[in-house]
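Q: I'm new to this structure and would like to learn how to read it. Could you show it to me and walk me through a few features?

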Amino acid sequence: LRIHPNCFEALSNFGNALCQIERYTDAIAAHHRAIRESSRSGSAYNNLAVTYMCTGEIEEAIKTYNVALSLDTSCSQVLSNLGNAYVAVGKMKDAKRCYKDAIKNNNCVISRSSLADVLSEINEFDDAIFQYGQAISLAPDYVEAQCNYGKLVLERLKYSDVVLLDDLEKIEEKLRVITLERPDNSAAQINFGICLYHKGFIDFAKEKFQAAKVLNPYDS
């Protein structure tokens, strides 16, 4: 920046670096300078919005993400970030729309899992289970999705008088494959155990829970 003080890329990188070390006021100033150099850059507004999120200025972040989106309507990263901002202010339906649009443009595991989180919050449990399953299919080692998937399946089975056998068969088959491919994934072992337990295979379920305990005592 000393050599090229108006370089857009350098200003953007500088702003991101300042944000990482929590110099948010300076980061915001740098991103505003970057925007002055390239006012049609969606990434510049996205970077600014990310910094606003870090400072807790959620509504300002939402406005800024929407500007970024108006400049690049198909950017999955902006859509996912905007979804996160809507979640932060409790606008779950808006968040749901953003994550779905993000997935259309880029079938990303984070967007799938985030959508599942929102669906769970608004009591669309079957769709949430499906989205967690899709996230796990994309990234079998994504522990957060694994854990949330297992918890949601367990809750659904606990409070439902009728459990569709087809649902359990599909879940069991998915988890069986995951545990075979990733035997060191403790969350997958727990989830498989939950499924087996609710199908009445108590001894097999215990084996899975024990395997999970060996892998990670804190998960069990």
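A: Sure. Let's begin with a term: helices here are DSSP runs of H or I with at least four residues, numbered from the N terminus. Read along the sequence, this chain goes α-α-α-α-α-α-α-α-α-α-α-α. Keep in mind that the model is predicted.

Q: How many helices and strands does the protein chain have?
A: There are 12 helices and 0 strands in the protein chain.

Q: What share of the protein chain's residues is buried?
A: The general idea is a cut-off: a residue is buried when its relative accessible area is under 20%. In this chain of 220 residues, 40% are buried. As for the surface, about 12100 Å² of the protein chain is accessible, and carbon and sulfur atoms contribute 51% of that.

Q: And how do I read the packing of two helices?
A: Two packed helices are described by the angle between their axes and the distance between those axes. Take α3 (residues 42-54) and α5 (residues 76-88): they pack at about 25°, and their axes are 11 Å apart. That angle makes α3 roughly parallel to α5, since angles under 35 degrees count as roughly parallel. The crossing of α3 past α5 is left-handed.

Q: Which residues of α3 and α5 meet?
A: From α3 come Asn-46, Val-50 and Met-53, and they meet Gln-77, Val-78, Asn-81, Asn-84 and Ala-85 of α5. Sorted by class, this contact has 4 nonpolar residues, 4 polar ones and no charged ones.

Q: Can we try single residues too? Is Lys-96 buried or exposed?
A: Lys-96 is buried, because its relative accessibility is 19% and the cut-off for buried is under 20%. Lys-96 sits in helix α6 (residues 92-105). Setting aside neighbours within four places in sequence, Lys-96 contacts Leu-115, Val-118, Leu-119, Ile-122 and Glu-124.

Q: Where is Glu-57, and why does Glu-57 count as partly exposed?
A: You'll find Glu-57 in the loop between α3 and α4 (58-71). Its relative accessible area is 36%, so Glu-57 is partly exposed; that class lies between the 20% and 50% cut-offs. Not counting residues up to four places away in sequence, Glu-57 touches Ile-28 and Tyr-52.

Q: How are Glu-57 and Ala-85 placed, along the chain and in space?
A: Along the chain, Glu-57 and Ala-85 are 28 residues apart, while their C-alpha atoms are separated by 9.8 Å. For the whole protein chain, look at contacts with a separation of 6 or more: residues 24 or more positions apart account for 43% of them.

Definitions and conventions: Residues are numbered from 1 along each chain as its sequence is written. This is a predicted model: local features need pLDDT of at least 70, side-chain atom pairs count only at pLDDT 80 or more; totals for chains, interfaces and linings use all residues. Side-chain values use heavy atoms; hydrogens and water are left out. Axes are lines fitted to C-alpha atoms, for helices over the stretch in contact, and angles run from 0 to 180 degrees between N-to-C directions. Helices (H or I, at least four residues) and strands (E, at least two) are DSSP runs, numbered from the N terminus. Angles under 35 degrees count as roughly parallel, over 145 as roughly antiparallel, 65 to 115 as roughly perpendicular and the rest as oblique. A crossing is left-handed if the near helix is turned anticlockwise from the far one by less than a right angle, and right-handed if clockwise. Contact means heavy atoms within 4.5 Å. Ala, Val, Leu, Ile, Met, Phe, Trp, Tyr, Cys and Pro count as nonpolar, Asp, Glu, Lys and Arg as charged, and the others, Gly among them, as polar. Buried means under 20% relative accessible area, exposed over 50%, partly exposed in between (1.4 Å probe, protein chains only). Accessible areas come from the Shrake-Rupley method with a 1.4 Å probe; for residues, only the protein chains shown count as cover.
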